Amino acid sequence: MNIMYYVPSKKDGNSEARMRLFWLFTAIFAVVAALILFAALMTAKGAPQEASGAAIALCCAVIPYVFTRAIEGWQTATWRKEMLDLAKRQPHSV
């Protein structure tokens, strides 16, 4: 059984809305990171300041993305475990 994406069950109907909220925050922080990068590059007086501004912008974009993907992976693993447990309980037809 190959399970690629989290499919919310009836008992957990808010998971899809929660994930949309996490992805919205991720998109907002990506835009904020782009603004930080633009401001850092426009106001920097040298390469070290540009590099530090780029690093800060990168952190603002990557950390929310990694957090969102971790939550999504955790939900997928939970759903996969539930499906495997359900498959073990049902009789096999050949």
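In the predicted model, Glu72 and Arg69 are both placed in helix 2, where three residues, about one turn of the helix, separate them. Their side chains meet in a salt bridge with an N to O distance of 2.8 Å. Glu72 counts as partly exposed because its relative accessibility is 22%, and Arg69, with a relative accessible area of 43%, is likewise partly exposed.

The count of salt bridges comes to two, and helix 1 also contains such a pair, formed by Glu16 and Arg20, whose closest N and O atoms lie 2.8 Å apart. Within helix 1, these residues are four positions apart, again about one turn of the helix. Glu16, at 40% relative accessibility, counts as partly exposed, whereas Arg20 reaches 58% and therefore counts as exposed, the cut-off for that class being over 50%.

Helix 1 spans residues 15-43, and its axis comes within 8 Å of the axis of helix 2 (residues 47-89), the two crossing at roughly 170°. Helix 1 is therefore roughly antiparallel to helix 2, since angles over 145 degrees fall in that class. Sorted by class, the residues in the contact of helix 1 with helix 2 comprise 19 nonpolar, seven polar and four charged ones.

A nonpolar patch of about 500 Å² is found on the surface, made by Leu21, Leu24, Phe25, Ile28, Phe29 and Val32. Of these residues, Leu21 is located in helix 1 and, with a relative accessibility of 41%, counts as partly exposed.

How values were computed: Residues numbered from 1 in each chain as written. Predicted model: local features only at pLDDT ≥ 70, side-chain atom pairs only at ≥ 80, totals over all residues. Heavy atoms only, no water. Patch = residues over 30% accessible without salt bridge, like charges linked within 9 Å, V, L, I, M, F, W, Y side chains within 5 Å. Areas by Shrake-Rupley, 256 points an atom, 1.4 Å probe, with all protein chains shown as cover. Salt bridge = Lys/Arg side-chain N within 4 Å of Asp/Glu carboxyl O. Buried < 20%, exposed > 50% of the residue type's maximum accessible area, 1.4 Å probe, protein only. Axes fitted to C-alpha atoms, helices over the stretch in contact; angles between N-to-C directions. Parallel < 35°, antiparallel > 145°, perpendicular 65-115°, else oblique. Nonpolar A, V, L, I, M, F, W, Y, C, P; charged D, E, K, R; others polar.
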